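Visitor: Please give me a close look at the interior of this structure, and take it slowly, as I am new to it.

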Amino acid sequence: MESIEIGRSGVKTSRVGLGTWAIGGWMWGGTDEKEAIATIRSAVERGITLIDTAPVYGFGNSEEIVGKALVEGGLRAKAQIATKLGLAWKDGKVFRDSRKGRIEQEIEDSLRRLQTDVIDLYQVHWPDLETPFEETAEALQKLLDKGKIRAIGVSNFSPAQMDAFSQVARLDSVQPPYNLFERGIEADVLPYSTAKGLTVLSYGALCRGLLSGRMTAETRFEGDDLRQKDPKFQPGVLPKYIAAVNALDKLARERFGKTVVALAARWVLDQGPTIALWGARRPDQLNAIADVEGWKIDDAAKAEIDAILSRTVPEPIGPEFMAPPTQRPAL
Ligand code: NAP
């Protein structure tokens, strides 16, 4: 598995990371703990040593499952855990809170759930517009100095927000949405990160499964699955995205002897200092990862991909629907 250093932290990790939001269950129609544990272990055994989680995924559940899978499987030393801070919840409602006092408590909760004494990468989940970025950065730099975390990251931050943050703390990475259909960061965050030496952990690399190749225009979702609300998965829109996936799959097979899911992850890796986060909740969903290694998408194929996208999805829809509210409720 290809590897990369996260910023200037000295933490080396795999360029494909396992995303464990769905493993937490919340917003993904529930979870099966046994399958989830098998998926995490299978990932590490395949060389996917970066495991990305967050306290809010299943309100603690994802972190607990990650901790259990790694510790009971004797795999903690082989893996790098990336978790997050700064999203709180009350009565099932999520809000942003990256105040200093809360971080001091939040890290202890994460360390306990993850059954570890150090977090390899600690990331601010969403910018908290009601707290100065400098306050959050100072709290994280202290955790780094104390050895409780090994690298500092942000997620969903703009370059201006990262500038303010990095006045006070060493910033190693950023985690934005990035995949073949959601390319907003190419205008700002990606060139900024490349210039500043930040590693880009691309989330939704498979566009919430759309780029897996398993979906059809008739695919529907159950329970609280966020794809019921995702604008790309709506009946009038989904067929356009499926047409794009089918055309990309044809290109992947004809040019590279691969399928669209491998093309989607490879494409993210060939765009810069990136990591592709691959969300999975069953071990078999990781089989195609073996096809991501050992090849590159040349410029001619990249141009063909762009032509397919502008023909099939001329007005792409962004991932903005996922953003939590910016205002903190009165508690
Ligand atoms: P994703 O990786 O684009 O898609 C994950 C989904 O794709 C899986 O749950 C699964 O869907 C499907 N899938 C994966 N492999 C498949 C295969 N081989 N065949 C068929 N289907 C397959 O989406 P994501 O989980 O939202 O993003 C990845 C990770 O990024 C998350 O888990 C999380 O760690 C992180 N993330 C971070 C933020 C943030 O704000 N920082 C936001 C979103 C995500 P089914 O469940 O339907 O099987």
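Guide: Two residues are in contact when heavy atoms of theirs lie within 4.5 Å. Of the contacts in the chain between residues at least 6 apart in sequence, 74% join residues that are at least 24 apart. This is a predicted model, in which local features need pLDDT of at least 70 and side-chain atom pairs count only at pLDDT 80 or more, while totals for chains, interfaces and linings use all residues. Residues are numbered from 1 along each chain as its sequence is written, and side-chain values use heavy atoms, with hydrogens and water left out.

To set the scene, the chain is built from 10 helices and 12 strands, taken as DSSP runs numbered from the N terminus (H or I of at least four residues for a helix, E of at least two for a strand). Measured out along its principal axes, the C-alpha trace spans about 55 × 40 × 40 Å. Of the 331 residues in the chain, 58% are buried, with under 20% relative accessible area for a 1.4 Å probe, protein chains only.

Within that interior, the largest nonpolar core has 91 residues; such a core is a set of buried Ala, Val, Leu, Ile, Met, Phe, Trp, Tyr and Cys residues joined through side-chain atoms within 4.5 Å. The residues with the most contacts inside this core are Phe 165, Phe 181 and Trp 278, and helix α8, residues 238-256, gives the most to it, with 10 residues. There is also a second, separate core of 22 residues, among them Val 11, Leu 50, Ala 82 and Leu 201.

Phe 165 is a good place to look more closely. Apart from neighbours within four places in sequence, Phe 165 is in contact with Val 124, Phe 133, Thr 136, Ala 137, Leu 140, Ile 152, Val 154, Phe 157 and Leu 171. Beside it in sequence comes Ala 164, in helix α6, which covers residues 159-165. With neighbours within four places again left aside, Ala 164 is in contact with Phe 133 and Glu 134; although Ala 164 and Glu 134 stand 30 residues apart along the chain, their C-alpha atoms are separated by 6.6 Å.

Phe 165 also belongs to the lining of the largest cavity, together with Ser 98, Val 124, Pro 127, Asp 128, Thr 131, Phe 133, Thr 136 and Phe 157. A cavity is a set of points on a 1 Å grid over the protein atoms alone where a 1.4 Å probe fits but cannot get out, and lining residues have an atom within 4 Å of a point. Val 124, Phe 133, Thr 136 and Phe 157 therefore appear both among the contacts of Phe 165 and in this lining.

The interior also holds charged side chains, and two aspartates show this. Asp 249 is found in helix α8, and is buried, with a relative accessible area of 17%. Not counting residues up to four places away in sequence, Asp 249 touches Lys 258, Thr 259 and Val 260, whereas Arg 227, which is 22 residues from Asp 249 in sequence, is 22 Å from it in space, C-alpha to C-alpha. Asp 270 is found in the loop between α9 (260-269) and β12 (274-279). This second aspartate, Asp 270, is likewise buried, with a relative accessible area of 13%, and, with residues up to four places away in sequence not counted, Asp 270 touches Lys 296, Ile 297 and Lys 302.

Terms used:
Buried means under 20% relative accessible area, exposed over 50%, partly exposed in between (1.4 Å probe, protein chains only). On a 1 Å grid over the protein atoms alone, a cavity is a set of points where a 1.4 Å probe fits but cannot get out, and a pocket is an open set with protein on both sides within 12 Å along at least five of seven lines; lining residues have an atom within 4 Å of a point.
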